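Colleague: I have just opened this entry and would like to learn how to read it. Could you walk me through some features, one at a time?

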Amino acid sequence: MKRVLFAASEAVPFIKTGGLADVVGSLPKCFNKENYDVRVIIPKYACIKWEWKEKMNYRTHFYMDLGWRRQYVGVFEMQYDGVIFYFIDNEYYFNGDKPYGDTKWDIEKFTFFSRAVLSCLPVIDFRPDIIHCHDWQTGLIPVYLKDKFHDGEFFRDIKSIMTIHNLKFQGVWDIKTIKDFSGLPAYYFTPDKLESYKDANLLKGGIVYADLVTTVSSTYADEIKTSFYGEGLDGLMRAKQNQLFGIVNGIDYEDYNPATDPYLVKQYDARTFRKEKVKNKRALQQELGLEEDERKFMIGIVSRLTDQKGFDLIECVMEEICTEGTQLVVLGTGEAKYENLFRHYDWKYQNRVSANIYYSDPLSHKIYAACDAFLMPSLFEPCGLSQLMSLRYGTVPIVRETGGLKDTVEPYNEFEGTGTGFSFANYNAHEMLGVINYAKDVYYNRRREWNKLIDRGMAMDFSWNTSARKYEELYERL
């Protein structure tokens with residue numbers, strides 16, 4: 001029996017700010033239970049809802065040295081969906097109404113968390129064979145494993161894996177401060193270890209010291225070896241390329257299932273979508289005050305409204321996207337200029353543009369189900385989950401060929417009758433517009449081909465089970 005511990009800063013259903021939480025919360029339950037005992041450890045934030053807190057059981061507490069301080073560490077535990085979750089408690093670090101605050105404070109708190117994860121293992125009597133670390137917040141775990149915790153019998157053969165969900169976020173601050181927080185000796189703050197452009201970089205430390213490094217799609221694993229996508233660490237990624245693997249994320253096929261989704265007006269599956277899917281479109285048009293016409297080509301966007309997601313391209317050709325035969329439904333928050341862009345077009349074209357500048361889980365499900373196409377023109381996208389959800393709901397993705405979007409959406413080929421969506425290669429607004437218009441043409445004039453695109457998309461399997469098998473192979477390598 002292999003024992004694996006996932007260490008991360010968030011996990012569904014307890015706390016979520018992004019896709020990281022979906023991975024950490026959903027993946028562990030998909031491992032083969034006979035061969036793998038996979039558990040999860042996250043901080044016990046004050047902002048976790050009371051309905052979860054009241055189910056947690058107190059396990060133990062102790063005091064731990066952190067640099068020159070002594071800090072309280074409480075450990076709580078609960079079982080959810082057959083997986084044991086541990087929660088590290090410390091009110092000084094994990095209070096507040098959201099999990100992340102300013103960078104310096106986050107760095108101190110996740111330094112504490114990384115140290116506490118290792119310190120609590122002998123106390124709770126769980127000795128993992130592998131600690132699977134996620135993103136910069138756990139970057140110091142592989143470093144501590146090779147430093148303070150290397151000598152004892154308990155920690156000697158524990159291996160570590162570092163998974164990069166988005167290389168843009170690295171946990172960078174000045175060396176003096178991080179040395180003080182972490183209690184690590186000067187030996188670690190050199191260019192071949194944690195030092196990066198005269199600062200200290202927690203993610204870099206995790207990548208240097210981990211036994212294997214993974215990221216969330218194979219194209220992104222290649223892209224981050226280049227200077228454009230490498231965020232200053234491309235040299236390190238090239239140096240580690242023999243230990244670098246890309247495994248595409250999945251989605252929870254129970255949560256995202258058009259046949260059982262409670263948020264839909266009419267449920268459907270791959271056999272019945274031709275008749276039933278359109279009923280969700282009519283209902284959404286009515287709910288959002290759009291012109292009620294099921295023939296209109298409806299494009300959906302559910303996203304953070306930021307440059308990374310390609311909204312500068314949309315801004316360039318917004319007028320051309322909002323032509324007569326098209327409806328556009330947007331859900332999300334982000335940069336003010338994009339929020340206002342969509343509000344303006346909602347005001348200008350009330351019956352064909354709907355801007356919903358907030359986040360709502362029920363509405364996101366309705367958009368995945370109701371729309372004909374789903375637009376994701378990202379500048380870079382480590383994996384992306386929205387295109388997987390839209391494929392699952394029979395909504396045809398239109399994406400830029402980058403990262404996970406390239407790995408999961410096969411471009412439509414009208415001559416061979418293959419593909420599950422539409423894609424464009426260059427980061428160019430008119431190339432994107434050309435592909436949107438091509439998709440629209442297929443939708444209006446070659447309806448049978450459009451339905452076959454949906455058939456192929458709904459037949460794809462991007463459930464977590466597929467990813468779990470690939471992670472199991474990696475664990476075996478270690």
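**Reading strands, helices and turns**

Modeller: Let us begin with a pair of strands: S13 (residues 297–302) and S16 (residues 373–376) run parallel and are joined by two bridges. In that pairing, Ile299 stands opposite Ala373 of S16. Please keep in mind that this is a predicted model.

Colleague: Thanks! Which strand order does the sheet with S13 and S16 have?

Modeller: A sheet is read by listing its strands from one edge to the other. Here the order is S15-S14-S13-S16-S17-S18, an open sheet of six strands with parallel pairing. The edges are strand S15 (353–356) and strand S18 (422–424); each has a single partner strand, so one side of each has no neighbour in the sheet. From one strand to the next, the twist averages 15°.

Colleague: Which helices lie across strands of this sheet?

Modeller: Take them one by one. Helix H13 (residues 336–348) lies across strand S14 (326–331) and S15, and runs at about 140° to S15. Helix H18 (residues 447–459) lies across S13, S16, strand S17 (396–400) and S18, with an angle of about 80° to S17.

Colleague: What is the order of the nine-strand sheet?

Modeller: That one is an open sheet as well, with the order S3-S4-S5-S2-S1-S6-S7-S11-S12 and mixed pairing. At its edges stand strand S3 (57–66) and strand S12 (244–246), each with a single partner strand, so one side of each is left without a neighbour in the sheet. Neighbouring strands here are turned by 25° against each other on average, direction ignored.

Colleague: "Mixed" is new to me. Where can I see it around S5?

Modeller: Look at the partners of S5 in turn. Strand S2 (residues 36–43) pairs with S5 in the parallel sense over four bridges, and Val40 has Phe85 of S5 as its bridge partner. Strand S4 (residues 69–80), in contrast, runs antiparallel to S5, and seven bridges join them. There, Gly74 has Asp89 of S5 as its bridge partner. You can also follow the sheet onward from S2: strand S1 (residues 2–7) pairs with S2 in the parallel sense over six bridges, with Arg39 of S2 as the bridge partner of Leu5.

Colleague: Is S5 mostly covered or mostly open?

Modeller: To judge that, ask how many of the residues in the strand are buried. Strand S5 (residues 83–89) is mostly covered, with seven of its seven residues buried. Now look at where they point: Val83, Phe85, Phe87 and Asp89 face one way, while Ile84, Tyr86 and Ile88 face the other, and all are buried.

Colleague: How should I look at one residue inside a strand? Take Ser160: is this residue buried or exposed?

Modeller: Start with its place, then its accessibility, then its contacts. Ser160 belongs to strand S7 (residues 159–164). Its relative accessibility is 1%, so Ser160 counts as buried. Leaving aside neighbours within four places in sequence, Ser160 is in contact with Ile131, Pro142, Leu145, Tyr209, Ala210, Asp211, Leu212 and Leu478. Pro142 is 18 residues from Ser160 in sequence, yet their C-alpha atoms are 6.0 Å apart.

Colleague: And two helices? At what angle do H10 and H14 cross?

Modeller: For a helix pair, we compare the axes. Those of helix H10 (residues 273–288) and helix H14 (residues 361–370) come within 8 Å and cross at roughly 130°. That angle makes H10 oblique to H14. The crossing is left-handed. H10 contributes Lys277, Asn280, Lys281, Leu284 and Glu287 to the contact, and H14 contributes Leu363, Lys366, Ile367, Tyr368, Ala369 and Ala370. Sorted by class, the contact has six nonpolar, one polar and four charged residues.

Colleague: Finally, which backbone features should I look for in the loops?

Modeller: Most residues other than glycine have a negative phi, and most peptide bonds are trans. Against that background, the Val12 to Pro13 peptide bond is cis, with omega near 0°; Pro13 sits in the loop between S1 and helix H1 (19–26). Asp125 has a positive phi near 60°, in the loop between helix H4 (103–124) and strand S6 (130–134). Asp135 has a positive phi near 65°, in the loop between S6 and helix H5 (140–146).

Colleague: Is Asp125 buried or exposed, and what about Asp135?

Modeller: Asp125 counts as exposed at 64% relative accessibility, whereas Asp135 counts as buried at 9%. One more to visit is Asp81, with a positive phi near 55° in the hairpin of S4 and S5, where two residues lie between the strands.

Note on methods: Residues are numbered from 1 along each chain as its sequence is written. This is a predicted model: local features need pLDDT of at least 70, side-chain atom pairs count only at pLDDT 80 or more; totals for chains, interfaces and linings use all residues. Side-chain values use heavy atoms; hydrogens and water are left out. Axes are lines fitted to C-alpha atoms, for helices over the stretch in contact, and angles run from 0 to 180 degrees between N-to-C directions. Angles under 35 degrees count as roughly parallel, over 145 as roughly antiparallel, 65 to 115 as roughly perpendicular and the rest as oblique. A crossing is left-handed if the near helix is turned anticlockwise from the far one by less than a right angle, and right-handed if clockwise. Contact means heavy atoms within 4.5 Å. Ala, Val, Leu, Ile, Met, Phe, Trp, Tyr, Cys and Pro count as nonpolar, Asp, Glu, Lys and Arg as charged, and the others, Gly among them, as polar. Buried means under 20% relative accessible area, exposed over 50%, partly exposed in between (1.4 Å probe, protein chains only). Two strands pair if DSSP finds at least two bridges between them.
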